[in-house]
Amino acid sequence: MARDQRLIRSLRNTKVAVVHPQDEDCANLELQLKRIGCQVSTFWPAPKNFADDIDAVFFLVEPEADDRLLRLAEDRKAALVALIGFESPLVLRTISDANIHGTMTKPVRPFGVLATLVTALSIFGYERRLIARIDKLDETLKTRRLVERATKILAKHKGISDDEAYGLIRREAMNKQVTLFEMASSIINADNVFLPER
């Protein structure tokens, strides 16, 4: 029960952009989002950029080719919900290419707006956590490769084993209060400076 109340309270701080011509569908969507407690801004056509604090964008996908949704998708700053009037192959391809987080069909009805918003925000949050995890893994892999390279250099120059060289790098990093990445980079840079000219 408390968790449900927290969810509803969090939606009251949600900033939503609606990209749709001013018509009955737009008015119905705005009204329902405001009833939920969202702060709503409406645009038509889509602006080049949205404010950084926008949490979700409800976006009309039209049958004619339009790269605005794809531009929004590339930014990946907000949850994207596609508003579609019909399911033509072009519309379906557009929403598929944009990797949107939810869809709503027109005409817009009050039922389903809340569920779509919650689902889209949830999927977007999960996507962001996955991207952050991938970035961290990439950084770890980059550090590991650099440390391995520095270990080989140090082992060769000092005539010690790779394990001893790695231990030395770790100790020096701790003593100097720098990261392994920084310590390994300095060893590689120093080795590059003293390489004999070819």
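Which side chain meets that of E172 in a salt bridge? The side chains of E172 and K176 meet in this way, with 3.4 Å from N to O, where a salt bridge is a side-chain nitrogen of Lys or Arg within 4 Å of a carboxyl oxygen of Asp or Glu. Both residues belong to helix 6 (residues 162–176) and are four residues apart, about one turn of the helix.

The model is predicted, so that local features need pLDDT of at least 70 and side-chain atom pairs count only at pLDDT 80 or more, while totals for chains, interfaces and linings use all residues. Residues are numbered from 1 along each chain as its sequence is written, and side-chain values use heavy atoms, with hydrogens and water left out.

**Overall make-up**

The chain holds seven helices and five strands, which are DSSP runs numbered from the N terminus (helices: H or I, at least four residues; strands: E, at least two). Read from the N terminus, the order of elements is α-β-α-β-β-α-β-α-β-α-α-α. Of the 198 residues, 36% count as buried, that is, under 20% relative accessible area, with exposed meaning over 50% and partly exposed in between (1.4 Å probe, protein chains only). Contact means heavy atoms within 4.5 Å, and among contacts between residues at least 6 apart in sequence, 55% join residues at least 24 apart.

**Strands 4 and 5**

Strand 4 (residues 79–84) pairs with strand 5 in the parallel sense over four bridges, pairing being assigned if DSSP finds at least two bridges between two strands. In this pairing, I84 stands opposite T105 of strand 5. Along strand 5 (residues 102–105), G102 and M104 point to one face and are buried, whereas T103 and T105 point to the other face and are not buried. In a regular strand the side chains alternate between the two faces of the sheet.

**Nonpolar cores**

A nonpolar core is a set of buried Ala, Val, Leu, Ile, Met, Phe, Trp, Tyr and Cys residues joined through side-chain atoms within 4.5 Å. The largest has 21 residues, of which V16, V18, L29, L33, F58 and L117 touch the most other members. At least two residues of this core come from each of strand 1 (15–19), helix 2 (24–36), strand 3 (56–61), strand 4 and helix 5 (113–158). Another core, of 16 residues, lies apart from it and includes A46, V57, A78 and L80. When neighbours within four places in sequence are left aside, L29 is in contact with V18, F58, L83, V108 and V113.

**Salt bridges**

The structure holds five salt bridges, including the three in this table.

| Pair | N to O distance |
|---|---|
| D25 and K106 | 3.6 Å |
| K77 and D52 | 3.5 Å |
| E172 and K176 | 3.4 Å |

D25 forms its salt bridge with K106, and because D25 lies in helix 2 and K106 in the loop between strand 5 and helix 5, the pair ties together parts that are 81 residues apart in sequence. D25 counts as buried, at 13% relative accessibility.

K77 and D52 also meet through their side chains; K77 lies in the loop between helix 3 (68–75) and strand 4, and D52 in the loop between strand 2 (39–43) and strand 3, so this pair ties together parts that are 25 residues apart in sequence. K77 counts as partly exposed at 44% relative accessibility, whereas D52 is exposed, with a relative accessible area of 65%. In the helix 6 pair, E172 counts as partly exposed at 28% relative accessibility.
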